[in-house]
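Here are my notes on this chain, as numbered points. Please read them with the model open beside you.

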Amino acid sequence: MMQRALFSRGALLAQQTSAALEGPLGAKSAPVLLRLDRSMSSVTIPPPACMLRPLEVPLRYLFGPGPSNVPPRILAAGSRPIIGHLHPEMYEIMNDIKKGIQYAFQTENNMTIAMSGSGHAAMECAVFNTVEPGESVLIAINGIWGERVAEIAERMGANVHRMVKTPGRYFTNTEIEQAIKKHKPVLLFLAHGESSAGLCHPVDGIGDICRKHDCLFLVDTVASLGAAPIFMDKQNIDILYSGSQKALNAPPGTAPISFNDRACHKMFNRKTKPVSYLFDMTHLSNYWGCDGKPARVYHHTGPVSGFFALRESLAILAERGLEESWEKHKEVAAYLYRGLEDLGLKLFVPERDLRLPSVTTIAIPEGYDWREMLTYIMKHHCIEMTGGLGPSIGMVMRIGLMGYNCEKTNADMALHALADALKNCKKSKA
Ligand SMILES: Cc1ncc(COP(=O)(O)O)c(C=O)c1O
């Protein structure tokens, strides 16, 4: 069947270019192919015309909340020749990735891996493995990411308790402790970098509260890793995950995650199997060489090129150093805030220290349609910025300057584009 389809596609191409197709002795070969096509083809759906055109990808400035532009060095790493996902060299690369994540997370946890999948894969892996159906979980919601995790937990049958604040607001440790006392959850979720609202949530002390009440502390750093300080071990975070495509600057599709001993104890002493086979840490810990067994066995085929790129992005972070990366994000964000205020724009998160350095949120200026402004900026400046997400839709516009993109020159470009949009999109319908 496949062979016939290939013949048929070849014949179609031959049809289109028959004048140019000649055999080694100058004889036209197209008629032969065409005859082959008529006699052999059993397909009723022709090859789509779009698939016969070359791939086109525009160059864009990705100044939204992610993905971010990927530097040439990481793109080059991702385009290296494929090797087998179970080859010893691949295990070496995976071991390097593990060490790179341990550095980025500031953890010595052995159970540290990268998911084959985007940030959502890590979210599901964390919840599916550490929570059993019927168990109580507490989710801090101050933007979309808490909502998302609550839905994931509900789908696997957890008893979900929501603590809700408007986007951009934060929870005090006292509020968190009160809610833990009330609901007695096995797990608390908090987004460190709430990218839908532009908030960087304080984390200090929450891990200790969780320990006191025998609850695991799960933290999302998809949008903050490399941009704002996080110390998994020192801050007593039990499960931490991130994504590849934000400040790490790798392509989307891989997601670092780490579990400490408390989390491992809970997830490897379950009564039920996790609902997902692909995300089952019993298998993944073996695939990543974290279970102490001498042999790694096939579980799934990891995204080999994605892992090459992730390794390179973690290598860049290690060479540069976390402190320098955090400082750079802070400095460029401060520069951007000044420029935005000079344009008369209002920053959405009032407390400067709580703003997420990688993703800045602006309150939508009165008298403007944010969609029109963003479309204008894309059309005239080739720059992606975005609106809100989930509960912050209609409240904010978001500018992301992360990792490779985190430069004052890029902040200037974003400010120039915004100034132009403010001039030309004025008084549109709100
Ligand atoms: C804070 C946060 N968590 C989770 C995610 C989900 O990541 P992904 O889109 O890679 O699945 C994102 C993506 O924007 C995010 O910003």
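1. Strand S2 covers residues 111-116, and 6 of its 6 residues are buried, so strand S2 is largely enclosed by the rest of the structure. A residue is called buried if 20 or more other C-beta atoms lie within 10 Å of its own, exposed if 12 or fewer do, and partly exposed in between, with C-beta atoms placed from the backbone. Strands (E, at least two residues) and helices (H or I, at least four) are DSSP runs, numbered from the N terminus.

2. A word on the source: this is a predicted model, in which local features need pLDDT of at least 70 and side-chain atom pairs count only at pLDDT 80 or more, while totals for chains, interfaces and linings use all residues. Residues are numbered from 1 along each chain as its sequence is written.

3. Which strand does S2 join? The partner is strand S10 (residues 254-259), which runs antiparallel to S2 and is joined to it by 6 bridges. Two strands pair if DSSP finds at least two bridges between them. Across this pairing, Met 111 is opposite Phe 259 in S10.

4. Elsewhere, 3 strands form an open sheet in the order S11-S14-S13, with antiparallel pairing. Strand S11 (359-363) and strand S13 (386-387) are its edge strands, each pairing on one side only. S13 is joined by 2 bridges to strand S14 (residues 396-400), and the two run antiparallel. There, Thr 386 faces Arg 398 in S14.

5. The domain assignment splits the chain into domain 1 (2-52), domain 2 (72-319) and domain 3 (322-424); such bounds come from an automatic or database domain assignment. The centres of domain 2 and domain 3, taken over C-alpha atoms, are 27 Å apart.

6. Between these two domains, 25 residues of domain 2 are in contact with 25 residues of domain 3, contact being C-beta atoms, placed from the backbone, within 7 Å. On the domain 2 side, helix H6 (144-155), strand S6 (193-194) and strand S7 (199-200) each supply at least two of the touching residues. That side has 13 nonpolar, 9 polar and 3 charged residues. Ala, Val, Leu, Ile, Met, Phe, Trp, Tyr, Cys and Pro count as nonpolar, Asp, Glu, Lys and Arg as charged, and the others, Gly among them, as polar.

7. How many residues surround the ligand? There are 14, and the closest are Ser 118, Gly 119, His 120, Ser 195 and Val 222. A residue is near the ligand if its C-beta atom, placed from the backbone, lies within 6 Å of it. By class, the shell has 6 nonpolar, 7 polar and 1 charged.
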